[in-house]
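Reader: Could you take me through one part of this model up close? I'd like to hear about the protein surface beside one of the DNA strands.

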Amino acid sequence: MEQRLLHIYNLMYEKAGPKNWWPADTSFEVAVGAILTQFVSWKNVVTAIDNLKAQQLLSVEGICEADDERLEELIRSTRFYKQKVRKLKSFCMLLREKYGSCPDRFFEQEMYALREELLKLYGIGEETADCIILYAAEKPIFVVDAYTRRIFNRLGFFEENIRYREMQEFFMGNLPHDTRLFNEFHAQIDGIGGHYCFSKKPDCMECPLGVLCKFKKSNRATAPVRQDAQATVKRK
DNA sequence: GCCCAGGGGGCTC
DNA sequence: GAGCCCCATGGG
């Protein structure tokens with residue numbers, strides 16, 4: 001199984017190249033981005049992060065001290081902004097009260113202790129917690145998401161309604177626990193989800209995983225077949 | 001105008 | 001624990 005997963009990883013990596021996640025200047029910025037990106041495209045998050053930076057508010061103290069209304073205005077582009085202000089504040093209050101406003105002291109603790117503490121916070125569920133652990137604290141936990149579910153369901157690995165925990169155990173049970181691998185693997189899955197594996201009308205012809213995909217095969221009868229793809233089939 | 005996107009909380013049964 | 005609704009912007 002490990003070899004199958006690494007083969008999938010290599011197909012994605014060869015097509016897209018390194019993703020170099022997560023785009024941020026500091027670990028704290030990664031964590032803020034992880035909260036803001038909940039159910040919204042990354043472009044909207046960049047706007048909000050830039051706004052916070054421009055107002056010198058992208059810090060533990062900055063967020064703790066700022067008025068809710070002011071923060072709401074700055075992160076409006078990320079949807080559900082009232083809830084997200086509450087989420088950011090709950091995270092930053094923890095860092096201030098328990099870690100002396102020093103994010104690195106928080107991130108340096110043991111991975112599962114960190115996870116437990118994150119999950120107690122308002123607005124941080126499993127996926128956001130794991131994003132923070134992998135991309136901010138740089139510890140080897142495997143992040144799964146809606147794209148992972150869809151892609152690996154279509155590849156034939158998962159049932160469509162598989163739970164988060166089960167998906168995560170699958171990857172962590174079958175891959176070496178390596179932060180760099182987990183970082184790049186999730187980033188590549190995200191790339192496939194965003195570029196090819198749409199819920200409706202996926203672009204199976206261009207997808208680097210098409211050669212392995214059961215969904216593509218079952219979809220072939222209804223999907224428009226391109227000329228060059230037809231030619232490839234005939235040659236065989 | 002309409003659809004949908006990298007989640008999580010809270011409620012009900 | 002599963003199922004449902006709520007939150008409420010921006011781009012195609």
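Author: Sure, and keep in mind that this is a predicted model. Let's start with helix α6, residues 81-99: this helix supplies the largest share of the surface near DNA strand C, namely 3 residues. The full set around DNA strand C reads N44, R76, S77, R79, F80, Y81, K82, Q83 and R163. Sort the residues of that surface by character and you get 4 charged, 3 polar and 2 nonpolar.

What does the protein touch on the strand, backbone or bases? Some of each: among the atoms of DNA strand C within 4 Å of the protein, 59% are sugar or phosphate, and bases make up the rest. The individual polar contacts show that mix nicely. On the phosphate side there's R163, with a side-chain N or O atom 2.3 Å from a phosphate oxygen of DNA strand C. N44 goes for another part of the backbone, as one of its polar side-chain atoms sits 3.4 Å from a sugar or linking oxygen of DNA strand C. R79 handles a base instead: an N or O atom of its side chain is 3.3 Å from a base nitrogen of DNA strand C.

While you're here, have a look at helix α1 too. Its 15 residues (2-16) should span 21 Å at 1.5 Å a residue, and the end C-alpha atoms are indeed 21 Å apart, so the two agree. L5, L6, I8, Y9, L11 and M12 are the buried residues of α1, and they pack against α10 (146-154), α11 (164-174) and α12 (179-195). Right after α1 comes G17, with a positive phi of about 75°.

Technical notes
Residues are numbered from 1 along each chain as its sequence is written. Chains are lettered from A and ligands numbered from 1 in the order in which they are written. This is a predicted model: local features need pLDDT of at least 70, side-chain atom pairs count only at pLDDT 80 or more; totals for chains, interfaces and linings use all residues. Side-chain values use heavy atoms; hydrogens and water are left out. Helices (H or I, at least four residues) and strands (E, at least two) are DSSP runs, numbered from the N terminus. The expected span of a helix is 1.5 Å times one less than its number of residues. Buried means under 20% relative accessible area, exposed over 50%, partly exposed in between (1.4 Å probe, protein chains only). Contact means heavy atoms within 4.5 Å. A residue is near a molecule or strand if one of its heavy atoms lies within 4 Å of it. A polar contact is a pair of N or O atoms within 3.5 Å; within protein, one must be able to donate a hydrogen and the other to accept it, and residues adjacent in sequence count only if both atoms are side-chain atoms. Ala, Val, Leu, Ile, Met, Phe, Trp, Tyr, Cys and Pro count as nonpolar, Asp, Glu, Lys and Arg as charged, and the others, Gly among them, as polar.
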